[in-house]
Amino acid sequence: MPELYALFGGTFDPIHYGHLRPVEALAQQIGLTQVTLLPNNVPPHRPQPQASAAQRVDMLRCAIDDRPLFNIDTRELARETPSWTVDTLETLRSERGSEQPLGFIIGQDSLLTLAKWHRWQDLLSLSHLLVCKRPGYAAQMASPEMQQWLEAHTAQDIQQLHHAPAGKIWLADTPLFDISATEIRQRRHRGQSCADLLPARVMAYIERVGLYCD
């Protein structure tokens, strides 16, 4: 069985410790040796990024320069259409074959609104879902039907993620970081320091190119 291949999508406008540190904890918990960052081009569920695609990739490179766990896949940035997760997973499944264990990392907030995602019912046929905690979000799904769906697919053993190509949900016991990209952009707009919220190399890049000041 090939090694579990994990992906983490996001706008990353900018990338910060609230992205990086929970995923690093998840990787240690379930035995990931590589996590691929997937920057979105046109995020379907949120406002459009302030930084350009090239700037967001530059910030990702700054963030992971000393973090060998991570790499970057820019395929979604080449799309003109919204970055539907299911489309990317279908492409990856066709590239890597039916036996490759795939895991898509999401936050607890995304899990709670999963029923609003494009073709969400197909996600578990393509990959596992690896869920990181987020501060301030409920532990229960919005409806009894969705809660039943979650409980039916929740993995009880880490090995289920490594020994099956898809189909399970892992509720990770990851640390909570109350950090958001919105807060970083607002701090920059007010002229406040963001040094405690994101890697120094990312902060240096933001200052050098003058992002989020307007």
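**Exercise 1. Lay out the sheet of this predicted model, strand by strand.**

Start with the overall order: six strands make an open, parallel sheet that reads β3-β2-β1-β4-β5-β6. Next, look at the edges: β3 (70-72) and β6 (169-171) each have a single partner strand, so one side of each has no neighbour in the sheet. Then add the twist, which averages 30° from one strand to the next. Strands here are DSSP E runs of at least two residues, helices H or I runs of at least four, both numbered from the N terminus. Two strands count as paired if DSSP finds at least two bridges between them.

A word on ground rules: this is a predicted model, where local features need pLDDT of at least 70, side-chain atom pairs count only at pLDDT 80 or more, and totals for chains, interfaces and linings use all residues. Residues are numbered from 1 along each chain as its sequence is written, and side-chain values use heavy atoms, leaving out hydrogens and water.

**Exercise 2. Walk across the sheet from F104 to N71.**

Begin in β4 (residues 102-107), where F104 is the bridge partner of L7. β4 and β1 run parallel and share four bridges. From L7, step over to T36 in β2, which stands opposite; β1 and β2 (residues 35-39) pair in parallel over five bridges. Finally, T36 has N71 as its bridge partner in β3, and three bridges join β2 to β3.

**Exercise 3. Is β1 mostly covered or uncovered?**

Take β1 (residues 5-10) and count: five of its six residues are buried, meaning under 20% relative accessible area with a 1.4 Å probe, protein chains only.

Definitions and conventions:
Buried < 20%, exposed > 50% of the residue type's maximum accessible area, 1.4 Å probe, protein only. Axes fitted to C-alpha atoms, helices over the stretch in contact; angles between N-to-C directions.
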